[in-house]
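Me: Got a model open here. Can you walk me through the cysteines and the charged pairs?

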Amino acid sequence: AGMPNSFANAVLQMMYFEPEVRQILIGFLTENPNCLATEAGFLFHMLDQARRVKSKVKSCQASNFLRAFRLAPDANALGLVDVTQLENDRRAGMFVRFL
């Protein structure tokens with residue numbers, strides 16, 4: 001068992017900690033509500049804001065990004081969304097290539 005799309009957290013964190021990728025995505029904005037780059041930029045902006053908060057409890061959720069990911073036709077075609085099609089380690093590698 002496991003959480004659906006749990007592999008995405010590690011990949012998103014890896015992308016966040018690449019300064020060039022983070023800056024490009026934070027500056028990327030479209031009006032498409034299902035744009036993965038826009039949603040990743042929004043998530044990275046929230047992570048930046050959370051790092052500045054002086055609190056022990058800091059949390060961000062990738063809900064909007066994961067919604068856009070689930071709706072992406074290519075992600076569905078590759079079997080990345082359906083948890084019964086691929087093991088998480090294989091899905092993680094395919095997710096990186098997909099992005």
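Me: Start with C60. How exposed is C60?
Reply: C60 is partly exposed, at 30% relative accessible area. Keep in mind that this is a predicted model.

Me: And C35, buried or exposed?
Reply: C35 is buried. Its relative accessible area is 14%, and the cut-off for buried is under 20%.

Me: How many disulfides does the structure hold?
Reply: Zero. C35 is in no disulfide, and its nearest cysteine sulfur belongs to C60, 19 Å away. C60 is in no disulfide either; for C60 the nearest cysteine sulfur is that of C35. A disulfide needs the two sulfur atoms within 2.5 Å, so a 19 Å separation rules this pair out.

Me: OK, switching to charges. How many salt bridges are there?
Reply: The count is one. R67 pairs with E39.

Me: How far apart are the closest N and O atoms?
Reply: They are 3.6 Å apart. The cut-off is within 4 Å, so the R67 and E39 pair counts.

Me: Where do the two partners sit?
Reply: R67 is in helix α4, residues 63-71. E39 is in helix α3, residues 36-52. The partners are 28 residues apart in sequence, so the salt bridge ties together those separate parts.

Me: What about accessibility for R67?
Reply: R67 is partly exposed, with 27% relative accessibility.

Me: And E39, buried or exposed?
Reply: E39 is buried, at 10% relative accessible area. So the bridge joins a partly exposed arginine to a buried glutamate.

Methods:
Residues numbered from 1 in each chain as written. Predicted model: local features only at pLDDT ≥ 70, side-chain atom pairs only at ≥ 80, totals over all residues. Heavy atoms only, no water. Salt bridge = Lys/Arg side-chain N within 4 Å of Asp/Glu carboxyl O. Helix = DSSP H or I, 4+ residues; strand = E, 2+ residues; numbered from the N terminus. Buried < 20%, exposed > 50% of the residue type's maximum accessible area, 1.4 Å probe, protein only.
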